[in-house]
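Here is a short report for a first look. Take a moment with the sequence and the 3D view before reading on.

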Amino acid sequence: MKVRAALADLPQPLYFFDGQCVLCSRFVAFCLERDPDGHLKFASAQSALGRRVLLALDLPDDTLDRTILLLEEGNIYARSTAALRALRHLRGPARWLYPLILVPKILRDPIYDVVARNRIRWFGRLESCLVPSPQTRERFIDL
């Protein structure tokens, strides 16, 4: 989906995640370790920016409770596409998973949905949002 002008000023690629989800926070930590050049930026679903994006895209308030979003090159990507496109920016073997983008979404997204529905039960929930280290703090937008 094309991004509205209200979001065009945001740094990109910008990855929106549930900051209280253990799995989501681990994925962000995974990305931080493998993106030493700092290409990916992050914003939690619980942030004011997360709410602003949902409003600008006319998405329900609970959207980021069940999916991730990636703002990249003026487009917004969700679910498995967002995760795979984020991997493109990483170094090492993780980026080798990007060709899975060739698998049709109709096959990828149901698998994503099963994990998304069960992530809290399987991995848990943090009492508070992920707190970045001083070295990575500038990569988190709208803290």
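Against which elements do the buried residues of helix 4 pack? They pack against strand 1, helix 1 (22–34), strand 3, strand 4 and helix 5 (105–123).

## Basis

This is a predicted model; local features need pLDDT of at least 70, side-chain atom pairs count only at pLDDT 80 or more, and totals for chains, interfaces and linings use all residues. Residues are numbered from 1 along each chain as its sequence is written, and side-chain values use heavy atoms, without hydrogens and water.

Helices (H or I, at least four residues) and strands (E, at least two) are DSSP runs, numbered from the N terminus.

## The sheet

Four strands form an open sheet. Their order is 2-1-3-4, with mixed pairing; two strands pair if DSSP finds at least two bridges between them. Strand 2 (41–44) and strand 4 (75–78) are at the edges, each with a single partner strand, so one side of each lacks a neighbour in the sheet.

Strand 1 (residues 14–17) and strand 2 run parallel, joined by four bridges. Here L14 stands opposite K41.

## Helices on the sheet

Helix 2 (residues 48–56) packs on the sheet. It touches strand 1, strand 2 and strand 3 (69–72); contact means heavy atoms within 4.5 Å. Helix 4 (residues 79–87) also packs there, touching strand 1, strand 3 and strand 4.

## Helix 4

Eight of the nine residues of helix 4 are buried, so the helix is largely enclosed by the rest of the structure. Buried means under 20% relative accessible area (1.4 Å probe, protein chains only). Among the buried residues are S80, L84, R85 and L87.

Technical notes
Axes are lines fitted to C-alpha atoms, for helices over the stretch in contact, and angles run from 0 to 180 degrees between N-to-C directions. Buried means under 20% relative accessible area, exposed over 50%, partly exposed in between (1.4 Å probe, protein chains only).
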